[in-house]
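Open the model in your viewer and show it as a cartoon. The tour below goes from one selection to the next.

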Amino acid sequence: MKIASSSASFAQLLDSGVLTQLEWLDLCASELELDGVVFDSRHFPRRDGDYFAQLKKIAVDLGLTVAALAAHDGLEAGGERRLEEALALGAPLVIVTASPAAENPAAWGECAGALAALAAAAKAHNVTLALRNAPGSLCASVGDCKRMLKDVDSAWLRLALDATSFGALERPSDLVAKTAIATHTIFDPSVFAAPNDSDARRMLASLHGFRGFTCVDRSDQSGPPNAFHDALARLQALKADGDRTAVFQPR
């Protein structure tokens, strides 16, 4: 498992102009020491090819993998543009969220149809969709995710699994094989992955065997990066310790 973060963690600083996307990339590499980044489609000051090429090149120069593009409007009209942007950035994944949960019986079919159409476009662009199991969406539970994957029935639709958002009785491990990228939100960086914190351990345990990127973000989008960096460093250490334990466990 590799660690990434998205520009959503610095949304307020980016929106206010205090931080540019180029400075954010440098911060991810030099201060946060991340393996990769996820671009949030809401944070581009420009959307021309030259700018996307510049972002891609800087990521390469900094040793950062572009793990995905998060497209919150992916299922809306013009969502195919996000696939083109992902191609320009060198992102293999576009993260989308299912429609909001609704009592309308037709809502599920409409969402599945929109995902199927976007998955067909994703195949044409050679970019995979990753469906996020967001709370309050039509795909918030393990059962919802399984059903949507079955209904859409496309190899170009996978999951952006947030294993910690499921209920206590659900088994997110059943979905790991269909997961292209995992996600996690840190609500208190000062205690995350500390010795007395079980949140990070539960996340790592639920993603056992997962080899892709986990996009770790923070709920406080305007806070200083120091505490976030410390939390990420503790997570890396915890992960490394778990990897060593797994290697030396008797078979």
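Begin with strand 3, helix 4 (residues 80–89) and strand 4, which together form a right-handed β-α-β unit. The coordinates are those of a predicted model.

Now select the two strands of that unit. Strand 3 and strand 4 (residues 93–97) run parallel and are joined by two bridges. To see a bridge pair, pick L69 and its partner in strand 4, V94.

Next, keep strand 3 (residues 65–70) and colour by accessibility. Five of its six residues are buried, leaving the strand mostly covered.

Add strand 2 (residues 36–40), which runs parallel to strand 3 and is joined to it by five bridges. One pair to show here is G36 with T65 of strand 3. Between these strands the chain passes through helix 3 (residues 49–62), and this β-α-β crossover is right-handed.

Stay on strand 2 and select F39. Which residues does F39 touch, leaving aside those up to four places away in sequence? They are S7, Q21, W24, L25, F44, L55, V66, A68, L69, A70 and L89.

F39 also leads into the largest nonpolar core, a set of 70 residues. Select W24, F39, L131, M148 and L235, the members that touch the most other members. Then show helix 5 (residues 106–125), which gives the most to this core, with nine residues.

For the last stop, select L93, I181, F213 and C215. These are among the twelve residues of a second, separate core.

Conventions: Residues are numbered from 1 along each chain as its sequence is written. This is a predicted model: local features need pLDDT of at least 70, side-chain atom pairs count only at pLDDT 80 or more; totals for chains, interfaces and linings use all residues. Side-chain values use heavy atoms; hydrogens and water are left out. Buried means under 20% relative accessible area, exposed over 50%, partly exposed in between (1.4 Å probe, protein chains only). Helices (H or I, at least four residues) and strands (E, at least two) are DSSP runs, numbered from the N terminus. Two strands pair if DSSP finds at least two bridges between them. A crossover is right-handed if, with the strands pointing away from the viewer, the path from the first strand over the helix to the second runs clockwise. A nonpolar core is a set of buried Ala, Val, Leu, Ile, Met, Phe, Trp, Tyr and Cys residues joined through side-chain atoms within 4.5 Å. Contact means heavy atoms within 4.5 Å.
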